[in-house]
Amino acid sequence: MKSRTGKRRYTVIGVLLTALMLFPVYWMINVSLTPQQDMRKTPPDLLPLHPTFEGYRAVLNDQMPYLGTSLLIGLGTVALTLLLAAPAGFALAKLRPFGGGVLGLVLLIAQMIPGIVMAMGFYGIFLDLGLLNSWWGLIIADSTIAVPFGVMIFTAFMSGIPGELIAASRIDGAGTFRTFWSIVLPVSRNALVTVSLFSFLWAWSDFVFANTLDGGGDLRPITLGIYKYIGNNNQEWNSIMATAVVASIPAAVLLVLAQRYVAAGVTAGAVKD
Amino acid sequence: MTIARVDRRAQRSPAGSGATGTGQRTNTSALRRRQRRGSRLTALAFIAPLVVYLAAFYLYPLYRNLDLSLRDYTVRSFVQGDAPFSGLDNFRTVLDDPTFGPAMRHTLVFTFASIAFQYAAGLALAVFFNRHFRLAPTLRALFLIPWLLPLIVSASTWSWMFNSESGVINYALHLVGMSPVDWLNSPDWALTSVVIANIWIGIPFNLVILYSGLQNIPGELYEAASLDGAGAWQQFRRITFPLLRPVSAITLLLGLVYTLKVFDLIWIMTKGGPGDASSTLATWSYQLGFGTLLPKFGPGAAVGNILILIALVFGLLYIRVQRRQEA
């Protein structure tokens, strides 16, 4: 009995800690629903008792193109990342290519390079090639955040595929490409989901590349939509926070739909089971 | 759709015939040699796109950045690409700049304060969630939210919470009888503000990794310890903490590498200001290159390269520690 009440106490403490941790998220939602005239009230309204949707109306009016662009860039980044990372991961895991070990090290180091440095390098290159302010230039830049991670996830996952499965497919007369396509990829569904989730989320959240490479384009992502809102010395914080809430939707969806993949992605590479 | 493209590309690749053409039986050793060469070619076909990609979109931008830092660029010569080579002048300019000292110091304070608190909070929470009470998995999942949110979302939310007149944090201080703080606009508090926001963002990462590390500590150890009369604190000090040391090392080093390069958060909340009060190497580099109407690409790139050097030191240390653990 004692241990059960003890456990219940843990649950209560856990809920309180979680509430404390998520307070900023709650506050974002609360402010997004606060009418403009109550925004600077003291004390602030801790609950949205008189909710207004004017902030969300502003999102509908101003931010839809930005959201569309972010979706496009996110999906494009996922496509490019999978296209590069899945075959390479397979090769590193199963085909023992020449220089594979060095490549693994290069990928680890690639993840440590600061985004601003890459952004500055890309700026010069894109200027030469006339790619500045183009959405697909941004897809290329954003993919650099996800590709090394993707290759490492695919390599780790595909190393776990039993060699017999691949040997059996060979005996049935399938070539390496066919084996990859119809045996390895289907059983690697978890890795595909994990890599897709993270590359989408990172491209969706990217600010550095967007601000550097796509600052004046016709198609700008939602992170720049919010940044422009703040930068205009905008005092309509309900609109800003409403945009922030909408920009958080992919993160929320991912957490609900794919929680175990998210945790897998965070720990991948850091901890060996 | 994506995957279909992988397939088409793969089937069109000429190296594919090398692996499939080994069906007939001929001389065994020749066959094996051919097979090996075929599989080498196939492996190359699988990996070549990645290698080309890394060269074009990692190596080349890095090279461009290095080149930028070694030349005397102006806006015009940046566009025309004929800037004169100036050796280490940009690095000298940067090192002599009065901002260098503060930026370096802020980078270190920001990084070490962030990871110290992130790690402590993450470890405490990991041990707490390891008690397997009701709702624990759900609550643990909710703790991931700050880490998944786009940084601009977190940064703008914290900006408004830190607002001097109408922010909820000053209201909370008022409730406990403390005087309000001019968080983001005062040189004394700006760095603290961004550190607080960054700790919040980094706790989930530490929690998840340390929690998964805890799962590998055998439960019998704790049973034996409690039979011997060890209390909770003793168990933590004598079992959890020592056995978690490898995972802790990895967590801290990864945290270090990731925190050194934090840019978005600081830039969105304070732009490194007021003055240089919260500028780090990352924000200063960006400030030099893109933050003004008269960009100084050379010095900006030089600061960026200094940052890479620091990140690489800790990065290689991380790789060393990880390799040793796997061995």
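Which residues in H2(A) meet which residues in H9(B)? Keep that in mind for a moment. This is a predicted model. I'll take the chain first, then one enclosed helix, then a helix pair inside chain A, and then the partner chain.

Chain A in outline. It has 15 helices and 0 strands. Its C-alpha trace spans about 75 × 70 × 30 Å along the principal axes. Of the 273 residues, 51% are buried. Now take the contacts in chain A with a separation of 6 or more. Residues 24 or more positions apart account for 79% of them.

Domains next. The assignment for chain A gives domain 1 as 2-54 and domain 2 as 63-234. The C-alpha centres of these two domains lie 36 Å apart.

Now look at helix H13 of chain A, residues 237-247. 11 of its 11 residues are buried, so the helix is largely enclosed by the rest of the structure. The run begins with A:Trp237, A:Asn238 and A:Ser239 and ends with A:Val246 and A:Ala247, each of them buried. What do the buried residues of H13(A) pack against? From chain A, there are helices H2 (23-32), H3 (54-62), H4 (64-95), H12 (222-231) and H14 (249-257). From chain B, there is helix H9 (151-161). So H2(A) and H9(B) both appear in the packing around H13(A).

Next, a pair within chain A: helix H7, residues 135-159, and helix H10, residues 189-205. Their axes come within 9 Å and cross at roughly 165 degrees. Angles over 145 degrees count as roughly antiparallel, so that is what H7(A) is to H10(A). The crossing is right-handed. On the H7(A) side, the contact residues include A:Asp142, A:Ile145, A:Phe149, A:Ile153 and A:Phe157. On the H10(A) side, they include A:Asn190, A:Thr194, A:Phe198, A:Ser199 and A:Trp202. By class, this contact has 11 nonpolar, 4 polar and 1 charged residues.

Stay with one residue there, A:Ile145, in helix H7 of chain A. Why does A:Ile145 count as buried? It has 24 C-beta neighbours inside 10 Å, and the cut-off is 20 or more. Its C-alpha atom is separated by 7.7 Å from that of A:Ser199, and the two residues are 54 apart along the chain. Set aside the neighbours within four places in sequence. A:Ile145 is then in contact with A:Trp202 and A:Asp206.

Now chain B. How many residues of chain B are in contact with chain A? The count is 86, and they touch 85 residues of chain A. On the chain B side, helix H3, residues 28-69, gives the most, with 19 residues. That side divides into 58 nonpolar, 18 polar and 10 charged residues.

Back to the opening question. The axes of H2(A) and H9(B) come within 10 Å and cross at roughly 80 degrees. That makes H2(A) roughly perpendicular to H9(B). From H2(A) come A:Pro24, A:Trp27, A:Met28 and A:Val31. They meet B:Thr157, B:Trp158, B:Trp160 and B:Met161 in H9(B). The split is 7 nonpolar, 1 polar and no charged.

To recap the two crossings. H7(A) and H10(A) are roughly antiparallel. H2(A) and H9(B) are roughly perpendicular. And H13(A), with 11 of 11 residues buried, packs against both H2(A) and H9(B). I'll take questions now.

Note on methods:
Residues numbered from 1 in each chain as written. Chains lettered and ligands numbered in written order. Predicted model: local features only at pLDDT ≥ 70, side-chain atom pairs only at ≥ 80, totals over all residues. Helix = DSSP H or I, 4+ residues; strand = E, 2+ residues; numbered from the N terminus. Buried ≥ 20, exposed ≤ 12 C-beta atoms within 10 Å, placed from the backbone. Contact = placed C-beta atoms within 7 Å. Domains from an automatic or database assignment. Nonpolar A, V, L, I, M, F, W, Y, C, P; charged D, E, K, R; others polar. Axes fitted to C-alpha atoms, helices over the stretch in contact; angles between N-to-C directions. Parallel < 35°, antiparallel > 145°, perpendicular 65-115°, else oblique. Left-handed = near helix turned anticlockwise from the far one by under 90°.
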